[in-house]
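Here is a walk through one structure, written for someone who likes to check things on screen. Have the viewer open while you read.

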Amino acid sequence: MRAYLAFTKKEFTENWRTYKLPILLVVFLLFGMMSPLLAKLTPELLKSLSDTGGVVITLPEPTAMDAWAQFFKNVGQMGMLAIIIVFSGLMATEFSKGTLVNMLTKGMKRHTVVLSKLTAATVIWTVSFLLCLAVSYAYTAYFWDMGTLHYAFLSFFSLWLFGEFLISLLIFGGILFKSLMGSLLFCGGVIVAMTILNIIPNITRYNPSSLSGATLELLNGQKGLSEFMPAFVICAVLIIVFSAASITLFNKKQI
Amino acid sequence: MPFDLTPYLPFLIPLAVIEVGLTIASLIHVLTHKTYRTGNRVLWVVLSFVQIIGPVLYFIIGRDDGGKD
Amino acid sequence: MDILSISNLSKSFGQTRVIDGISFSVPEHAVFGFIGANGAGKTTTMKMILGLLKADGGEVAVCGEKVTFGATKTNRHIGYLPDVPEFYNYMRPKEYLRLCGEITGLPHTSINNRCDELLELVGLAGVRKKIGGFSRGMKQRLGVAQALLNEPKLLICDEPTSALDPVGRKEILDILRQISRKTTVIFSTHILSDVERICNQAAVLNKGKIALAGTLADLKARHKADSLHIEFVSAADKARFISVYGLSAEQSETGITLRGGDIEGIEAKALQILAQNDILPIRLEVAESTIESLFLEVVQ
């Protein structure tokens, strides 16, 4: 337990001093501001385009839901990309730099390493996400009438859960290939595989990838909860499976 | 018709603060360190002024972690 | 009691058999030199002792306890200094030692004192800069400090001096000599003069096998090199000597090395020739067996 706390503290120190944590906070703060801003700007931009083209387009006034659509798109794509870039070296750099040797020969359990990293990454991702959400919510509420948000908690939770899924993939890939590239390619490979799977009809219900943005339809009430429930469950199960597999795999790894 | 900025002020002010903050942070770091993982001092000083992207890029790929205090 | 005993240990990487059934043991309070050329398998052996690599066969016991691959309990007796110790660059030396102390389970109350004590020992007290700005030698010294943190019975150092300049090497050797009063030290090296400076036991690893092992005094006695070296004032003197003495083994510009089983006889004969011919050499010495000559002998 003490080793876990000490190593988790080390993870936070590392993420802070290597500027990963500050960068993520700034980036997600910007995403939070960007979403309502884009929603507000898009009609203006289109209007200025149509002025020069001579085509008259009647545009509906943007609504709160447009801001949330932007939010799901930005966080679901660029936000996830930021997570992947920042956390791709989570396990890999420890291997490539050989910094774990001293820790493990000091008697630290290998599963402690994995759990500490998972904890630190989870906390950092959660804080970044909540910051982004809070900023976005504040601006949206300031500019528009919020209207009804269906299943607000679950819709946002789905984005968070998908980020968590990526973190577990990055840790597993990092241990499997012991390199940053391996970690990136493994995570990217799984995402590509999930995208390809979506070709099969009706599979989106079960595909965790639908949690990275498609749950907007949950928020705006276009789809019911049952449409996404299987994806939620599968994603949560996969996170646990990959985390457990990471520990098992790491225990067998030669360093 | 001049574009009316007033409705966007709640965005613009914090954005400006963040951008200037990032540029200053990045500039300080570039100028107080001698070595960089990629690129050189001139490049990073210039890029520090490229809003948001430049400083973020510097801290991710330019900063040398073997840095002296 | 033997702190470390290895029996019949072997390890292959793919087709290559890196360690081929080696056995040796290290008694308490020894300073044990583990000698081998680059790539002889020294690091592999050490990593198996630490349970970081899985042995294909054989057994390793530390303080009488068997080493198992993965999280081995025997590591609580061991301090390990890797060949190139890597630290977290963004930390300061004391922060790093504190982290190690927490992980290894030192009592809260003593961590601070122990860290200060060790930083003092390795000459890093008062160094405030981050580890990223350390020189090779400083990192090596911090490596010794972290290895000694839990007061290990056995300190294993993997080539602690090979990447260092003469000053750094001397510092590390002095530290090792100092701690050898309390701790058994094993260190691998290919720098033979280091072994002669501080070791009292040694083993030579060659092609995956132990070619030689024992106390340093023993080894030297067993492989007494029989050679007499004479250095002359000029090449002309050397030529005169050779014309009387007859054939010779090795020659340099103005020197000659005589070899043979009966070194006293050779010495007497040489002195006689020198006196009779009025040749005055600059230097005349019976070469003592060195670890280097031993090493070259067994490796060839």
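What follows looks at two chains, then at the interface they share, and then at a few single residues.

**The two chains**

Keep in mind that this is a predicted model. Let's start with chain A, which has 10 helices and 0 strands. Read along the sequence, that gives the pattern α-α-α-α-α-α-α-α-α-α. Chain C is a mix, with 10 helices and 14 strands. The table puts some overall values for each chain next to one another.

| Chain | Residues | Buried residues | C-alpha span along the principal axes |
|---|---|---|---|
| A | 255 residues | 52% | about 70 × 40 × 35 Å |
| C | 300 residues | 52% | roughly 80 × 45 × 35 Å |

How about contacts along the sequence? In chain A, if you take contacts between residues at least 6 apart, 82% of them join residues at least 24 apart. In chain C, 66% of the contacts with a separation of 6 or more come from residues 24 or more positions apart.

**Where chain A meets chain C**

How many residues of chain A are in contact with chain C? There are 28 of them, and they touch 38 residues of chain C. The area buried between the two chains is about 2,600 Å², and carbon and sulfur atoms give 56% of that. Three residues stand out on the chain A side: A:R2, A:R17 and A:K106 supply 28% of the area that chain A buries here, more than any other three residues.

Charge plays into the picture as well. Across this interface there are 2 salt bridges by the rule used. In a salt bridge between A:R2 and C:E102, the side chains come to 3.2 Å, N to O. So A:R2 turns up twice, as a partner of C:E102 and as one of the three residues that supply 28% of the buried area of chain A, by the accessible area lost when the parts are put together. Counting polar contacts, you get 11 residue pairs between chain A and chain C, both residues at pLDDT 80 or more.

Which elements of chain A give two or more residues to this side? They are α1 (2–17), α4 (89–97), α5 (100–105) and α10 (229–252). Helix α1(A) gives the most, with 8 residues. By class, the side of chain A that touches chain C has 9 nonpolar, 8 polar and 11 charged residues.

**Helix α2 of chain C**

Now switch to the chain C side and find helix α2, residues 93–104. Its 12 residues should span 16 Å at 1.5 Å a residue, and the end C-alpha atoms are 17 Å apart, which agrees. The buried residues in α2(C) are C:P93, C:Y96, C:L97, C:L99, C:C100, C:G101, C:E102 and C:I103. Yes, C:E102 is in that list, and C:E102 is the salt-bridge partner of A:R2.

What do these buried residues pack against? They meet α1 and α5 of chain A, together with α3 (108–121) and α4 (136–148) of chain C. After the helix comes C:G105, with a positive phi near 85 degrees.

**Two positive phi values outside glycine**

A:Y151 has a positive phi near 40 degrees, and it isn't a glycine. Look for A:Y151 in the loop between α6 (110–143) and α7 (152–177) of chain A. Chain C has a case too: phi of C:E159 is positive, near 40 degrees, again in a residue other than glycine. C:E159 sits in the loop between β7 (154–158) and α5 (166–179) of chain C.

Is each of them buried or partly exposed? A:Y151 counts as partly exposed because its relative accessibility is 42%. C:E159 counts as buried, since its relative accessibility is 12%.

**Two more stops**

In the loop between α8 (180–197) and α9 (216–219) of chain A you'll find A:S212. Its side chain reaches the backbone oxygen of A:S209 at 2.9 Å. Leaving out neighbours within four places in sequence, A:S212 is in contact with A:F72, A:G76, A:L159 and A:F162.

Last, C:M48 is in helix α1 (residues 42–49) of chain C. C:M48 has a relative accessible area of 3%, so it counts as buried. Beyond four places in sequence, C:M48 touches several residues, among them C:L9, C:I19, C:L53 and C:V67.

Definitions and conventions
Residues are numbered from 1 along each chain as its sequence is written. Chains are lettered from A and ligands numbered from 1 in the order in which they are written. Side-chain values use heavy atoms; hydrogens and water are left out. Contact means heavy atoms within 4.5 Å. Buried area is the accessible area (1.4 Å probe) that two parts lose on being put together, summed over both. A salt bridge is a side-chain nitrogen of Lys or Arg within 4 Å of a carboxyl oxygen of Asp or Glu. A polar contact is a pair of N or O atoms within 3.5 Å; within protein, one must be able to donate a hydrogen and the other to accept it, and residues adjacent in sequence count only if both atoms are side-chain atoms. Helices (H or I, at least four residues) and strands (E, at least two) are DSSP runs, numbered from the N terminus. Ala, Val, Leu, Ile, Met, Phe, Trp, Tyr, Cys and Pro count as nonpolar, Asp, Glu, Lys and Arg as charged, and the others, Gly among them, as polar. The expected span of a helix is 1.5 Å times one less than its number of residues. Buried means under 20% relative accessible area, exposed over 50%, partly exposed in between (1.4 Å probe, protein chains only).
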